[in-house]
Amino acid sequence: MSQLGSLFTHIISKSPESVQDQSPHRTPKLPDFIQHVRKLTGIRKEDVYCNLRIPDKLQSAKDDINIVILTGQGIFCIDVKPWRGTVSAHNQNWHLQVKEEDQNVTNTCIEQIEDPLKAVMTKTANFCGHLKRSGVSVHQSLFFPRVIFLSPDCELDEELRKKRELVLQSQIDDFLRSFRAGYMAWISDSLTPSWLSGHLSYRQMESVREVLRRVGTWDLVRLHCGEQLKGDFQGCQYIALNRQETDTLEFSRLKTLSADSLWALLGHAPQVTVKMYKRGPQGWLGKSLIATTTIPPNTCVIFRISGEETDAKISANTIHSITLSH
């Protein structure tokens, strides 16, 4: 009976990120990985872009690409996954199998997930189309979709290991070092048209940069508890702003019990102060203040969290700041 009861298997369909933190190895977060990319490749900061939301030809879908790297070799569109376990492909979906040891019991969890390679290839094709609609022509062969698995505890089955678009944790540094070798080859023919050289020209790279600077990312809500939410800021009934001019909204509240009690004795409800700061380079005196307003603490900010289909209501009293994308 002990052998029959030693293995439990169940199949679920959800995001595999739910089990990533149980790994004994530390999987780097995206900002840490970006720093590693810049250090190992030597690529300039302005040629590495994060969480770009590329519109499709209907200007509707705006799925984000985790990392876009602009090089002379071409444009690398990279999604990163913190998954751990064994990954295998099954028809239209992939399976992620994770084994958990608990004394004499092995619990095997098989998660059904969307094919990440198909997803990043679709987003890469959308990006190519977006550049063309913006007046920048780059041949399809100069776009390189990749999926990078950050955890050392992630394994691919035999078929998936054959796909060059998939990069395991043990292969990451070699993959990044290849950018340096490609850079030296590009220097020699960067003034040659790309249809002759097979690389991006100086003019093409600058044109692509101009488009990338205008591509939006996610709005970011930082809560007082330290949690961060990415998505789309939909608005607030007491806040009127020009999104093109506004970069950040900072929320401040009364922090002491004595202050709250004083307001209550005077018959007032404590207010939340919202400061709006101008978009653009920071001056020597700091960010430029556009406007200040006060709102009731129970006011709700409407926010569409990434991946959700409905809007969330967030109490203004819990918000530290909101950073708006372009």
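## Strands, core and rings in a predicted model

In β3, the residue that bridges to Cys50 is Ile67. That pairing is a handy way into this structure, which is a predicted model.

Let's stay with β3 for a moment. β2 and β3 pair in the antiparallel sense, with 5 bridges between them. On to the next strand: β3 and β4 are antiparallel too, over 4 bridges. Ile67 turns up again here, since its bridge partner in β4 is Ile78. As a reminder of what holds such arrangements together, strands of a sheet pair through backbone hydrogen bonds, either parallel or antiparallel. The hairpin of β3 and β4 has 4 residues between the strands, and Gly74 takes a positive phi near 155° in that hairpin.

Is β3 enclosed or open to the outside? Of its 7 residues, 7 are buried, so β3 is largely enclosed by the rest of the structure.

### The core

These strands also feed the largest nonpolar core, which has 21 residues. The residues with the most contacts inside this core are Val68, Ile75, Phe127, Leu131, Val138 and Val208. Where does the core draw its residues from? At least two residues each come from β2 (48-53), β3 (64-70), β4 (75-81), α2 (116-133) and α6 (202-214). Helix α6 gives the most, with 4 residues.

Val138 makes a good viewpoint on this region. Setting aside neighbours within four places in sequence, Val138 is in contact with Ile75, Cys128, Leu131, Lys132, Phe143, Leu200, Gln204 and Val208. If you have the model open, centre on Val138 and pick out Ile75, Leu131 and Val208 among those contacts; these three are also on the list of residues with the most contacts inside the core.

### Aromatic pairs

Now for the rings. How many aromatic pairs are there? The count comes to 6. Two of them are set side by side below.

| Pair | Centre to centre | Angle between planes | Geometry |
|---|---|---|---|
| Trp83 and Phe149 | 5.9 Å | 55° | tilted |
| Phe127 and Phe143 | 5.9 Å | 85° | edge-to-face |

The Trp83 and Phe149 pair links distant parts of the chain, 66 residues apart: Trp83 is in the loop between β4 and β5 (85-90), while Phe149 is in strand β8 (residues 143-149). Trp83 is buried, at 3% relative accessible area, and Phe149 is buried at 0%.

The pair of Phe127 and Phe143 is edge-to-face. It joins helix α2, home of Phe127, to strand β8, home of Phe143, with their positions 16 residues apart along the chain. Both Phe127 and Phe143 are buried. Phe127 is among the residues with the most contacts inside the largest core, and Phe143 is one of the contacts of Val138.

Elsewhere, ring pairs link Phe76, Phe144, Phe175 and Phe179 into a cluster.

### The eight-stranded sheet

Further along the chain, 8 strands form an open sheet, in the order β15-β14-β13-β18-β11-β12-β16-β17, with antiparallel pairing. Which strands sit at its edges? They are β15 (289-295) and β17 (312-315), each pairing on one side only. From one strand to the next, the twist averages 30°.

Inside this sheet, β13 (residues 246-252) and β14 (residues 272-278) run antiparallel and are joined by 6 bridges. Phe251 has Val274 as its bridge partner in β14.

Phe251 also leads us to His224, which is found in the loop between β11 (219-223) and β12 (228-235). The two residues are 27 apart along the chain, and their C-alpha atoms are separated by 9.6 Å. Even so, Phe251 is in contact with His224, and the other contacts of His224, leaving aside neighbours within four places, are Arg253, Asn317, Thr318, Ile319 and His320. Is His224 buried, exposed or partly exposed? At 32% relative accessibility, His224 counts as partly exposed.

### Cysteines

What about disulfides? A search of the whole structure finds 0. Why does Cys236 not bond to Cys300? The closest cysteine sulfur to that of Cys236 is in Cys300, and at 8.3 Å it is too far for a bond; the cut-off for a disulfide is 2.5 Å. Cys236 is buried, with 9% relative accessibility. Cys109 is likewise buried, with a relative accessible area of 9%.

Definitions and conventions: Residues numbered from 1 in each chain as written. Predicted model: local features only at pLDDT ≥ 70, side-chain atom pairs only at ≥ 80, totals over all residues. Heavy atoms only, no water. Buried < 20%, exposed > 50% of the residue type's maximum accessible area, 1.4 Å probe, protein only. Core = buried A, V, L, I, M, F, W, Y, C linked by side-chain atoms within 4.5 Å. Contact = heavy atoms within 4.5 Å. Pairing = 2+ DSSP bridges. Axes fitted to C-alpha atoms, helices over the stretch in contact; angles between N-to-C directions. Phe/Tyr/Trp six-rings, centres within 6.5 Å; stacked < 30°, edge-to-face > 60°.
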